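Trainee: I've got a new model open and I'm not sure where to start. Can you walk me through how to read it?

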Amino acid sequence: MRRLRTRVAGVLLAVLALTVTTACSSEDGAAGSEPAAKAEAAADRVEPLADTPVPQLPVTVRSSDGRKVTVRDAQRIVPLSGSLSEIVFTLGLGERVVARDITATFAQAEKLPVVTRNHDVSAESVLSLKPDLVLAETTTGPDEAMDQIRDAGVPVLVVDPAKGLDDVGPRIGTVARALGVPAAGEELTKRSEDRIAAVRKDIPKKTDRPRVAFLYLRGTASVYLIGGKDSGATSLLEAAGAVDGGAESGLEKDFTTITTEALAKAAPDAILVMSKGLESVGGIDGLVKIPGVAQTPAGMERRVVSIEDGVLLNYGPRTDEVLKSLVDQLYGDTK
């Protein structure tokens, strides 16, 4: 379960790791999916700032693990999560990134070597690339590998995981300060927050807020979970003017095995899923065959919101795109 908590609100890294490992088999076997896959790949890009910043180093910053970290150079950066990679690239410093975590799936990072195995960090792989800075999440591990990287003299900055929209700016700022580009961090934070605000203004003013259940699905691994209070989706759903059905129904954990009773209590008007998860169960036709789904209002109406795995709960520079997609799919017929 520890690996299930390594993303937003402590869950997403394992979620996305499993996404990547199961995606290939589901994509390869999906008839007629090539145009859609190409369209998704074309859209899965980050948008760097217009002006490339020049790092002003050295700097000393406080890491989330309590250590003080001095960064003397940032020519060879290794971010150990997709979200952190996204921030570095969007700040305009992507050319300095020499490796990626398995969850960094956006186009600009796809050709970089992967330094994780089943989402565990390989210290040997990281050190072989001679990084001068490693960026990690609080639950990046195993601990032995992270200690090995530190013992080799490589600065390791640990960043608190994102839990919601309020974390977008602080995470960008933390990374930007560590890279010696605080002004670029402020610019990117403002751009991100302005874009999120613009999307929120376009949300239809409705009396009844739709109830949405966040389901994590991996049909190839027989994993069917419903998100609760700590899944990381609540903030996003509330920003879209919706109610997190799982959290509202009393589910306290991050994820709980789907049961007919749990779905009945959540009573979702719509179901939020990751795109590869939906593919793994055979699309909407397969989704409604999961016990209890067809009996919900969402199942009866086949109302499903699908968002690309690698960005859904990142709470970073592309969160406005995620929110816009969520809003468009929720209210597309009423806007």
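Mentor: Let's go from the overall picture to a few single elements. Keep in mind that this is a predicted model.

Trainee: Okay, how many helices and strands does the protein have?

Mentor: The secondary structure comes to 14 helices and 13 strands. Of the 335 residues, 55% are buried. For the outside, look at the exposed area: about 14,500 Å², with carbon and sulfur atoms supplying 50% of it. You can also ask how far apart in sequence the contacting residues are. Among contacts with a separation of 6 or more, 67% join residues 24 or more positions apart.

Trainee: What can I read from the faces of a strand, say strand 1?

Mentor: Here's the general idea: side chains in a regular strand point alternately to one face of the sheet and the other. Now take strand 1, residues 59-62: V59 and V61 form its covered face, while T60 and R62 are on the uncovered one.

Trainee: And in which sense does strand 1 pair with strand 2?

Mentor: Antiparallel, over four bridges, with strand 2 covering residues 68-71. One bridge to find on screen joins R62 to K68 in strand 2. The two strands form a hairpin with five residues between them, and there G66 takes a positive phi near 95 degrees.

Trainee: On to helices. Is helix 3 mostly buried or exposed?

Mentor: Count its residues under 20% relative accessible area, the cut-off for buried. In helix 3, residues 82-93, that is twelve of the twelve, so the helix is largely enclosed by the rest of the structure. Even S83, E86 and T90 are among the buried residues.

Trainee: What do those buried residues pack against?

Mentor: Three strands and two helices: strand 3 (77-79), strand 6 (133-137), strand 7 (156-159), helix 6 (168-178) and helix 7 (182-201).

Trainee: How do the axes of helix 3 and helix 7 cross?

Mentor: They come within 10 Å and cross at roughly 110 degrees. Angles of 65 to 115 degrees count as roughly perpendicular, so helix 3 is roughly perpendicular to helix 7. I87, T90 and L91 of helix 3 make the contact with A184, G185, L188 and R191 of helix 7.

Trainee: Then what about helix 6 and helix 7?

Mentor: Their axes come within 8 Å and cross at roughly 160 degrees. The two helices are therefore roughly antiparallel. The contact includes G169, I172 and G173 of helix 6, and G185, L188 and S192 of helix 7. Helix 6 passes helix 7 in a right-handed crossing.

Definitions and conventions. Residues are numbered from 1 along each chain as its sequence is written. This is a predicted model: local features need pLDDT of at least 70, side-chain atom pairs count only at pLDDT 80 or more; totals for chains, interfaces and linings use all residues. Side-chain values use heavy atoms; hydrogens and water are left out. Buried means under 20% relative accessible area, exposed over 50%, partly exposed in between (1.4 Å probe, protein chains only). Contact means heavy atoms within 4.5 Å. Accessible areas come from the Shrake-Rupley method with a 1.4 Å probe; for residues, only the protein chains shown count as cover. Two strands pair if DSSP finds at least two bridges between them. Axes are lines fitted to C-alpha atoms, for helices over the stretch in contact, and angles run from 0 to 180 degrees between N-to-C directions. Angles under 35 degrees count as roughly parallel, over 145 as roughly antiparallel, 65 to 115 as roughly perpendicular and the rest as oblique. A crossing is left-handed if the near helix is turned anticlockwise from the far one by less than a right angle, and right-handed if clockwise.
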